[in-house]
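Please open the model in your viewer and keep the sequence panel at hand, since each stop on this tour begins with a selection.

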Amino acid sequence: MGAVDSSRTIAELKELRALTGDDNGAQRVAFTPIWAKAREWLRTKLSQIPAETHLDAAGNLWATLRGKSERALLIGGHIDSVPNGGWLDGCLNTLAGVEILRRVRAECGGDPPVTVRVVDWADEEGARFGKSLFGSSACSGNLEMDEARALRDKAGVSLPDALKDHGIEFERVKESHRELANAAAYIELHIEQGPVLLDLDLPLGVVLGTFGVERHAITFRGQAAHSGSTPMNRRRDAFLAAAKMSPEIYRIAERSGGGVCTIGSCTTKPGIVTSVVEECRITLDQRHLDAAALARMFDEAKTASEQFAKEGNVGVEWERLWDIAPMPFDETLLRFCEEAIVESCGVAHRLPSGPLHDAAEVARAGVPTVMMFVQSLHGISHNKIEDTKEEHLELAVRAFDRLATKAIEWIARQ
Ligand SMILES: [Zn+2]
């Protein structure tokens with residue numbers, strides 16, 4: 001096996017940062033001029049390999065090395081960023097893929113055993129229109145067209161109009177699904193964006209899948225009453241019932257074996273200092289990799305809310321805001337990913353992904369999928385302080401290339 005030049009990936013990440021970032025961080029928001037500039041830069045790199053490139057119907061950029069078999073290994077990433085973003089989120093994945101294409105091209109010439117493709121997904125972050133995974137969900141077929149058609153940015157520009165400026169026709173974006181016709185496997189490298197690998201002092205992790213999410217608003221309804229004249233035992237305090245949910249969700253998460261729960265907002269009515277709270281609305285976000293465990297977490301929270309409402313003589317109502325099923329990754333590719341990491345640095349840790357990624361959409365479309373995580377310093381991203389040690393980045397590119405080799409051999413055997 002030839003070797004990737006992992007130091008070139010670092011150099012290219014810095015080149016991209018200099019080209020499309022400023023003092024506040026990366027500014028490659030999808031469907032903006034700076035994003036288009038980053039894409040132009042990327043296309044130049046790809047044409048030098050050389051790899052065939054084209055934009056699909058959803059604006060995803062594909063680079064293809066045709067092989068003996070049409071069956072393809074897909075390597076994904078996203079060059080778009082949030083405003084004031086970090087230097088690694090998304091573009092590390094894409095540029096590691098570019099380096100693997102170079103390595104495969106150098107090793108096999110124009111004739112690799114299977115087709116190898118890099119896809120740079122359009123608008124993973126959803127920073128401008130508030131809807132993430134645009135390109136990959138159009139490609140997987142899961143994009144909600146009516147919802148997406150109505151999206152507008154802060155300036156009032158609609159998503160279909162913004163797409164038109166970049167040569168994309170909104171009503172046809174799902175035609176990008178044809179790109180998956182020969183997809184045999186999908187792999188994606190990503191920074192962890194959390195503290196787990198850092199706390200374990202491990203550079204790389206095997207991602208088991210992406211969490212399922214249950215997102216609800218819970219409204220408790222009691223009675224407004226004067227804060228001076230109402231004895232404590234006569235109150236129907238909506239806030240008291242809502243507040244009891246806070247320690248409860250920590251207990252629910254603790255029992256769940258790996259899940260997380262968050263009460264992210266709380267609003268009260270009438271919301272004045274001299275009144276008992278009549279109405280208290282909280283939002284609850286619950287995530288787990290296992291569907292049954294997620295369902296249990298949801299049931300437990302619901303039962304607890306009903307109990308707290310009864311104790312306080314208030315009402316409670318639940319409203320589903322959003323949900324998505326967990327997306328476990330492919331067993332064979334998980335094994336390859338683990339082997340690639342062990343061969344590269346000795347120890348692999350298996351962990352779920354809290355954030356959603358394009359990989360979840362590809363997996364949802366039925367393509368065997370896996371992701372590899374590299375440690376994040378400070379456990380933070382979507383911020384200019386996002387960082388990873390360069391030695392870990394290089395290790396990640398090399399381990400990811402090993403994973404690509406294993407996947408290519410697997411596809412060739414099928
Ligand atoms: Zn990302």
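Begin by selecting V29 together with W35, D80, S81, P83, A127 and R128, which are the residues that V29 touches once those up to four places away in sequence are set aside. This is a predicted model, and the contacts should be read with that in mind. V29 itself sits in the loop that runs between β2 (25-26) and α2 (33-48). Is V29 buried or exposed? It counts as buried, because 22 C-beta neighbours lie inside 10 Å, where 20 or more are required. If you now draw a distance from V29 to P83, 54 residues apart along the chain, you should find 6.2 Å between their C-alpha atoms.

Next, colour the protein by domain, using 6-210 + 326-413 for domain 1 and 212-324 for domain 2. The centres of the two domains, taken over C-alpha atoms, are separated by 37 Å. Where they meet, six residues of domain 1 are in contact with nine residues of domain 2, and the side contributed by domain 1 comprises four nonpolar and two polar residues, with no charged ones.

Now move to the open sheet, whose four strands follow the order β10-β11-β9-β12 with antiparallel pairing. Its edge strands, each paired on one side only, are β10 (260-269) and β12 (315-324), and neighbouring strands are turned against each other by 15° on average, direction ignored. Select β9 (residues 212-221) with β12 to see an antiparallel pair joined by nine bridges, and within this pair look for A217, which stands opposite E319 of β12.

Keep the sheet displayed and add helix α8 (residues 238-255), which packs on it by touching β9, β10, β11 (279-288) and β12, with a direction at about 175° to that of β10. Then add helix α9 (residues 291-311), which lies across β9, β10, β11 and β12 and runs at about 160° to β11.

The last stop is the largest nonpolar core, which has 93 residues; select L73, C337, M372, L403 and A407, the members that touch the most others. Helix α12 (residues 390-413) gives the most to this core, with ten residues. Centre the view on L403 and show I187, F336, C337, A340 and M372, which L403 touches when residues up to four places away in sequence are not counted. Apart from this core lies another, of 23 residues, including A238, A253, A301 and A309.

Conventions: Residues are numbered from 1 along each chain as its sequence is written. This is a predicted model: local features need pLDDT of at least 70, side-chain atom pairs count only at pLDDT 80 or more; totals for chains, interfaces and linings use all residues. Domain bounds come from an automatic or database domain assignment. Two residues are in contact if their C-beta atoms, placed from the backbone, lie within 7 Å. Ala, Val, Leu, Ile, Met, Phe, Trp, Tyr, Cys and Pro count as nonpolar, Asp, Glu, Lys and Arg as charged, and the others, Gly among them, as polar. Helices (H or I, at least four residues) and strands (E, at least two) are DSSP runs, numbered from the N terminus. A residue is buried if 20 or more other C-beta atoms lie within 10 Å of its own, exposed if 12 or fewer, and partly exposed in between; C-beta atoms are placed from the backbone. Two strands pair if DSSP finds at least two bridges between them. Axes are lines fitted to C-alpha atoms, for helices over the stretch in contact, and angles run from 0 to 180 degrees between N-to-C directions. A nonpolar core is a set of buried Ala, Val, Leu, Ile, Met, Phe, Trp, Tyr and Cys residues joined through C-beta atoms within 7 Å.
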